[in-house]
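Hi,

Here is the structure I promised to send over. Have a look at it first, and then read on for my notes.

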Amino acid sequence: MAESEFHEGNYDNRGKTVDNSKTDMEEVLEKMEKLTVRAAWIAYECVAIRTNPDLPNAIQHLEDVFLMCKEQMEKQWQEVIMD
């Protein structure tokens, strides 16, 4: 009897291990997909920058304006919280 309980416990552990492995595999695949997309965007940006030398300046300008806008929004948000 104890032996059958031992085997049942092993089966339960194997089932949990399989479920954990599936979850881990899904997470790893999702991370790989994200990295693949990032790598594709980096390659695209490299090609775009090489073919259009004004693009880095335009991107930098957009980033600067975005950061200034973000800073203003945070200041205004703090003022709203204070009131």
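A quick word on helices before the notes: a helix here is a DSSP run of H or I that is at least four residues long, and helices are numbered from the N terminus. Please also keep in mind that this is a predicted model.

With that in hand, the fold is easy to describe: the chain has two helices and zero strands. Helix α1 covers residues 2-51, and helix α2 covers residues 55-82. Of the 83 residues, 1% are buried. The exposed area of the chain comes to about 8,100 Å², with 61% of it supplied by carbon and sulfur atoms.

Now to the salt bridges, of which there are two. In helix α2, glutamate 71 pairs with lysine 75, and their closest N and O atoms are 3.5 Å apart. These two residues are four apart in the helix, so about one helical turn separates them. Both partners are partly exposed: glutamate 71 has a relative accessibility of 42%, and lysine 75 has 45%.

The other bridge joins lysine 34 to glutamate 30, again with 3.5 Å between the closest N and O atoms. Here too the partners sit four residues apart, this time in helix α1, which means about one helical turn lies between them. Lysine 34 is exposed at 52% relative accessibility, whereas glutamate 30 is partly exposed at 44%.

Helix α1 also holds both members of an aromatic pair, tryptophan 41 and tyrosine 44, which are three residues apart, or about one turn of the helix. This is the one aromatic pair in the structure. The ring centres of tryptophan 41 and tyrosine 44 are 5.5 Å apart and the planes meet at 85°, so the arrangement is edge-to-face. The cut-off for that label is an angle over 60 degrees. Tryptophan 41 is exposed, at 52% relative accessibility, and tyrosine 44 is exposed at 52% as well.

You may also like the nonpolar surface patch: Met25, Val28, Leu29 and Met32 together make about 380 Å² of it. Methionine 32 belongs to helix α1 and is partly exposed, with a relative accessible area of 49%.

Finally, the cysteines. How many disulfides are there? The count is zero. Cysteine 46 is partly exposed at 40% relative accessibility, and cysteine 69 is partly exposed at 45%.

Happy to hear your thoughts once you have had a look.

Best wishes

Note on methods
Residues numbered from 1 in each chain as written. Predicted model: local features only at pLDDT ≥ 70, side-chain atom pairs only at ≥ 80, totals over all residues. Heavy atoms only, no water. Buried < 20%, exposed > 50% of the residue type's maximum accessible area, 1.4 Å probe, protein only. Areas by Shrake-Rupley, 256 points an atom, 1.4 Å probe, with all protein chains shown as cover. Disulfide = S-S within 2.5 Å. Phe/Tyr/Trp six-rings, centres within 6.5 Å; stacked < 30°, edge-to-face > 60°. Patch = residues over 30% accessible without salt bridge, like charges linked within 9 Å, V, L, I, M, F, W, Y side chains within 5 Å. Salt bridge = Lys/Arg side-chain N within 4 Å of Asp/Glu carboxyl O.
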